[in-house]
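Biologist: I should like to go through this model with you, one question at a time. Please reason each answer through for a first-year student.

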Amino acid sequence: MASQDWFEKDFYAILGVSKDASEGDIKKAYRKLARQWHPDQNPGDEAAEKRFKEIGEANAVLSDAEQRQEYDAVRQMAHGGARFTAGGPGGGAGGFDDIFSAFAGGQGGQGGPQMRFSQGGGQGINLEDILGGMQGGGSPFGRSYADYGAPAGPRRGRDVEARTSLTFRQAVTGDTITLRAAGGETVTARIPAGVKDGQKIRLRGKGEPGEPGASAGDLMLQVAVEPHPVFGRDGNNLTIDLPITFAEAALGATVEVPTLDGNPVKVRVAAGTPSGRTLRIKGRGVKSTKATGDLLARVQVIVPQRLTDEAKAAVEALRDQEGDTDPRADVVAKAST
């Protein structure tokens with residue numbers, strides 16, 4: 001963090017503590033605010049993420065005794081606080097004004113010319129330049145105030161991208177998986193229920209480690225979902241093709257429908273159900289944190305490949321009863337419009 005930030009930012013106000021707050025008070029305030037503004041608690045909220053970073057910066061300085069002392073000194077100087085003194089010839093206590101008088105051609109001490117600061121304009125003095133000029137230039141402070149600049153808190157770890165394949169069941173129900181990095185390290189990650197093929201999910205704290213006191217980066221994981229031999233997916237709904245016989249479709253029947261959890265459910269097929277009709281089984285789809293889908297069973301009427309003589313005679317009798325009925329007449333009429 002540049003020293004200019006120390007002039008402008010009130011870290012005590014950011015943490016909501018007084019300037020004489022104890023180390024314990026600072027730690028307690030930081031933990032409370034960090035929990036409140038942590039990105040995990042405010043997903044997608046850029047303002048919360050910015051606030052979380054400010055809290056981390058403030059804590060990084062105020063929780064370090066040496067940095068806190070330097071920060072307090074810089075803030076006092078910026079707001080016209082205590083005059084800094086340094087031993088000079090004859091043991092005199094030269095004031096802060098005496099130090100700056102040297103830049104105006106004065107000799108320091110009590111009689112030197114005074115340098116004034118303005119709030120802008122051509123005659124204003126850039127305090128950063130002055131403080132930077134003290135570096136190694138016989139500053140009575142022993143070090144430059146430019147050195148008072150600190151990093152913007154501990155650096156958060158970098159985000160990492162990766163790809164993985166999941167079985168259909170893992171994607172629907174969620175699972176804990178182990179990923180292996182190129183360097184041989186392993187990462188255990190919890191996959192939430194309901195992820196989709198091609199989806200990117202953010203696994204917080206599973207990226208590269210941060211600096212001491214900072215959070216780890218995130219793992220951006222792109223998921224490829226393997227197809228299932230029986231089930232498909234439509235949003236949060238699971239789909240299945242449900243074969244039924246011609247007799248079940250014509251006369252009606254109660255049939256079993258398999259589910260992903262392995263516990264079949266019984267559904268009623270109404271008499272006269274055509275091939276392609278969808279039967280909805282509530283609550284047997286994908287169960288995510290936001291919603292629970294249904295199981296959609298699409299009826300497929302199976303035509304027998306071989307008929308016994310009796311069966312063939314029964315079908316022929318049905319055909320004769322239908323007479324001249326043409327199921328395609330309506331389609332042909334609409335096609336010509």
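**Salt bridges and exposure in a predicted model**

Modeller: This is a predicted model. Let us begin with helix α11 (residues 329–335), which holds both Lys334 and Asp330, four residues apart, about one turn of the helix.

Biologist: How far apart, N to O, are the side chains of Lys334 and Asp330 in their salt bridge?

Modeller: A salt bridge requires a side-chain nitrogen of Lys or Arg within 4 Å of a carboxyl oxygen of Asp or Glu. The side chains of Lys334 and Asp330 meet in such a bridge, and the N to O distance is 3.3 Å.

Biologist: Is Lys334 buried, partly exposed or exposed?

Modeller: The label exposed is given to a relative accessible area over 50%. Lys334 has 57% relative accessibility, and therefore Lys334 counts as exposed. Its partner Asp330 has a relative accessible area of 47% and is partly exposed. For Lys334, the answer is exposed.

Biologist: Which residues are joined into one network by salt bridges that share partners?

Modeller: Where salt bridges share partners, the residues concerned can be listed together as one network. The members are Arg156, Asp159, Arg202, Arg204 and Asp218.

Biologist: How many salt bridges does the count come to?

Modeller: The rule accepts a nitrogen and a carboxyl oxygen within 4 Å. One of the pairs is Arg319 with Asp320, at 3.5 Å, N to O. By this rule the count comes to 14.

Biologist: How many residues apart in sequence are the parts that Arg158 and Glu208 tie together?

Modeller: Arg158 and Glu208 form a salt bridge, with their closest N and O atoms 2.8 Å apart. Arg158 lies in the loop between α7 (127–133) and β3 (160–166), while Glu208 lies in the loop between β6 (200–203) and β7 (219–225). The pair therefore ties together parts whose separation in sequence, in residues, is 50.

Biologist: Which residue of this pair is partly exposed, with a relative accessible area of 31%?

Modeller: Partly exposed lies between the limits of 20% and 50%. Arg158, with a relative accessible area of 55%, is exposed. The partly exposed residue, at 31%, is Glu208.

Biologist: What distance separates the C-alpha atoms of Ala65 and Glu23?

Modeller: Ala65 lies in helix α5 (residues 65–78), and at 63% relative accessibility it counts as exposed. Ala65 and Glu23 are 42 residues apart along the chain, and their C-alpha atoms are separated by 8.7 Å.

Methods. Residues are numbered from 1 along each chain as its sequence is written. This is a predicted model: local features need pLDDT of at least 70, side-chain atom pairs count only at pLDDT 80 or more; totals for chains, interfaces and linings use all residues. Side-chain values use heavy atoms; hydrogens and water are left out. Helices (H or I, at least four residues) and strands (E, at least two) are DSSP runs, numbered from the N terminus. Buried means under 20% relative accessible area, exposed over 50%, partly exposed in between (1.4 Å probe, protein chains only).
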